[in-house]
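Work through the exercises below with the sequence and the coordinates open. Try each task before reading its solution.

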Amino acid sequence: FLSEEGLTVIRTIVERETPNVEPSRGSRIGIRGLYYSSPWVRDLHSCPQVLDHVSNIAGERLVVTHNLPSAPHINSSVPGAKGAAEFWHWDSIGFVGNFLISDMKDLDGGDLEIITKEKRAGMKALVEGSLTANDIEKISYEAPGKMVLAQGSEILHHVTPIK
């Protein structure tokens, strides 16, 4: 999805925009508002070719989110912090495109995991403690810049802590 040049640009933007704060909700720092603070991010978010490509993958014409204060939302994980990088949840919008900008090969954790049950059944099993290893699938990004397109509003997912 992102070229090496695109990765360099987004890494620079994230470094510039990451607030100097303690992690919240586990071991992550959320970065929002990049649509407004970065012309590059705004152009990527609004790019008709990206929308066409993602719509083709989804098999239906998608609409770019108009929740611009949160577009895009970037989670920055803090290695060694206690708690999940992101707790089990489902998203408030239909489709999400997730991609890594960090090389994870030398890190332990930071894995995107999904519960393979319908989201409410998955949450019930999670709360009751009846999830099995077969109910959880680790999703591979393969490499920095690759995108995982998911129907985030229907899939219960989280990111494991980075140790």
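**Exercise 1. Contact range and confidence**

Task: Find what share of the contacts in the chain with a separation of 6 or more comes from residues 24 or more positions apart. Then find how far the model can be trusted, by its mean pLDDT.

Solution.
- Step 1. Take the contacts with a separation of 6 or more; residues 24 or more positions apart account for 78% of them.
- Step 2. Note that the model is predicted. Its mean pLDDT is 88. Of its residues, 98% reach 70 or more.
- Step 3. Go element by element. Strand E2, residues 74-77, has the lowest mean pLDDT, at 80. Helix H5, residues 119-128, has the highest, at 95.
- Step 4. Keep one caution in mind: where pLDDT is low, predicted coordinates should not be read in detail.

**Exercise 2. Fold outline and overall dimensions**

Task: State how many helices and strands the chain has, and give their pattern along the sequence. Then compare the radius of gyration with the globule rule.

Solution.
- Step 1. Count the elements: five helices and eight strands.
- Step 2. Read them in sequence order. The pattern is α-β-α-α-α-β-β-β-β-α-β-β-β.
- Step 3. The radius of gyration is 16 Å, and the globule rule gives 15 Å for 163 residues. The two values are close, so the chain is as compact as a globular protein of that length.
- Step 4. Add the box. Along the principal axes, the C-alpha atoms fill roughly 45 × 40 × 30 Å.

**Exercise 3. Surface and charge**

Task: What percentage of the residues is buried, and what percentage of the accessible surface belongs to carbon and sulfur atoms? How far apart are the mean positions of the positive and negative charges?

Solution.
- Step 1. Of the 163 residues, 34% count as buried.
- Step 2. The accessible surface is about 9800 Å². Carbon and sulfur atoms hold 52% of that area.
- Step 3. The chain carries 16 positive and 21 negative charges. Their mean positions lie 4 Å apart.

**Exercise 4. Three helix residues**

Task: For Leu7, Lys119 and Ser55, decide: buried or exposed? Then list the contacts of each, leaving aside neighbours within four places in sequence.

Solution.
- Step 1. Leu7 sits in helix H1, residues 4-17. Its relative accessible area is 1%, under the 20% cut-off, so Leu7 is buried. Its contacts are Leu2, Leu100, Ile101, Pro144 and Gly145. Leu126 is 119 residues away in sequence, and its C-alpha is 35 Å from that of Leu7.
- Step 2. Lys119 belongs to helix H5. Apply the 20% cut-off again: Lys119 has 7% relative accessibility and so counts as buried. Lys119 touches Trp90, Ser153, Glu154 and Leu156.
- Step 3. Ser55 lies in helix H4, residues 48-58. At 6% relative accessible area, Ser55 is buried. Ser55 contacts Glu60, Arg61 and Leu62. Phe95 is 40 residues away in sequence, with a C-alpha to C-alpha distance of 10.0 Å from Ser55.

**Exercise 5. A loop residue**

Task: Where does Glu142 lie, what is its phi, and is it buried or exposed?

Solution.
- Step 1. Glu142 is in the loop between strand E6 (136-139) and strand E7 (147-150).
- Step 2. Its phi is positive, about 75°, although Glu142 is not a glycine.
- Step 3. Relative accessibility is 68%, over the 50% cut-off, so Glu142 counts as exposed.

Notes:
Residues numbered from 1 in each chain as written. Predicted model: local features only at pLDDT ≥ 70, side-chain atom pairs only at ≥ 80, totals over all residues. Heavy atoms only, no water. Helix = DSSP H or I, 4+ residues; strand = E, 2+ residues; numbered from the N terminus. Rg over C-alpha atoms; globule rule 2.2 N^0.38 Å. Buried < 20%, exposed > 50% of the residue type's maximum accessible area, 1.4 Å probe, protein only. Contact = heavy atoms within 4.5 Å. Areas by Shrake-Rupley, 256 points an atom, 1.4 Å probe, with all protein chains shown as cover. Lys, Arg positive; Asp, Glu negative; His and termini not counted. Charge placed at Lys NZ, Arg CZ, Asp CG, Glu CD. pLDDT = per-residue confidence, 0-100.
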